[in-house]
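Q: Could you take a close look at the charged side chains here and walk me through who pairs with whom? I'd also like to hear about any charged residue that goes without a partner.

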Amino acid sequence: ALVRFKFSGKPIVAIGDAMKPEDIEKHLVAIDGCDAVISTIGGTSADPSADSQGNINLIEAALKHGVQKFILVTSIGTGDSKGAVSDDVYAALETVLKEKEKAEEKLKGSSMDWIIIRPGGLQTEPGTGNGALTENTSVCGTIAREDVADLVCKALRSDKADRKVLSAVDTSKMF
């Protein structure tokens, strides 16, 4: 995992393995006082353990270091949004989605303010500016990665999103 921090005006780049709590610990100690963490950690269908344990390791370390807000980016199809994706899509991603759900549940049970953002199908094209967050668990569509990043930054600065699970889609590409 590549983690970028901006602390005291100086950017800090930390490279470590989220599956190794000691890697996370080393970097969080270096930036004690950090008030928010954003995780986009994800695994693969062949090895989805980073989706659960990698994120859980980061959540636990954030709690230990007094982080106040944690944003976890997972996927539409996780948890109560399972019905938003087709049966074929769910079957193809089932192992990953179930692991993401474990991390979501760990975060929901924490004492931090948290936000879970579940993007639809990620696109590598430039952002459209049409990205939107909704509490609707049945919405599905695609969204540019750039638009997801913009929505995550907006959610970070808004108390209205705290302790909510939100789907992220491009309003012009919903289905």
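A: One bit of vocabulary before we start: a polar contact is a pair of N or O atoms within 3.5 Å, and within protein one of them must be able to donate a hydrogen and the other to accept it. Keep in mind, too, that this is a predicted model.

Let's begin with the residue that goes without. D23 sits in helix 1, which covers residues 21–30. D23 is buried, yet it has no salt bridge. The nearest side chain of opposite charge belongs to K26, and that is 4.7 Å away. A salt bridge here needs the nitrogen within 4 Å of the carboxyl oxygen, so K26 doesn't make the cut. What D23 does have is a backbone partner: a polar atom of its side chain lies 2.8 Å from the backbone nitrogen of D17. Setting aside neighbours within four places in sequence, D23 is in contact with G16 and D17.

Now for the pairs. Searching the whole structure turns up twelve salt bridges. One of them joins D51 and K100, with the closest N and O atoms 2.7 Å apart. D51 belongs to helix 2 (residues 49–64) and K100 to helix 3 (residues 87–108), so this pair ties together parts that are 49 residues apart in sequence. Both D51 and K100 are buried.

Another link between these helices comes from E60 and K106, whose closest N and O atoms are 3.3 Å apart. E60 is in helix 2 and K106 in helix 3, 46 residues apart, so here too distant parts of the chain are linked. As for burial, E60 counts as partly exposed because its relative accessibility is 38%. K106 counts as partly exposed as well, at 33%.

Then there's a pair within one helix. The side chains of K98 and E94 meet in a salt bridge, 2.9 Å from N to O. K98 and E94 are four residues apart in helix 3, which means about one helical turn separates them. K98 is partly exposed, with a relative accessible area of 41%, and E94 is partly exposed too, at 29%.

Finally, some salt bridges share partners: D80, E104 and R118 are joined into one network that way.

So, back to your two questions: D51 and K100 are a buried pair, while D23 is buried without a salt bridge.

Definitions and conventions:
Residues numbered from 1 in each chain as written. Predicted model: local features only at pLDDT ≥ 70, side-chain atom pairs only at ≥ 80, totals over all residues. Heavy atoms only, no water. Helix = DSSP H or I, 4+ residues; strand = E, 2+ residues; numbered from the N terminus. Buried < 20%, exposed > 50% of the residue type's maximum accessible area, 1.4 Å probe, protein only. Lys, Arg positive; Asp, Glu negative; His and termini not counted. Contact = heavy atoms within 4.5 Å.
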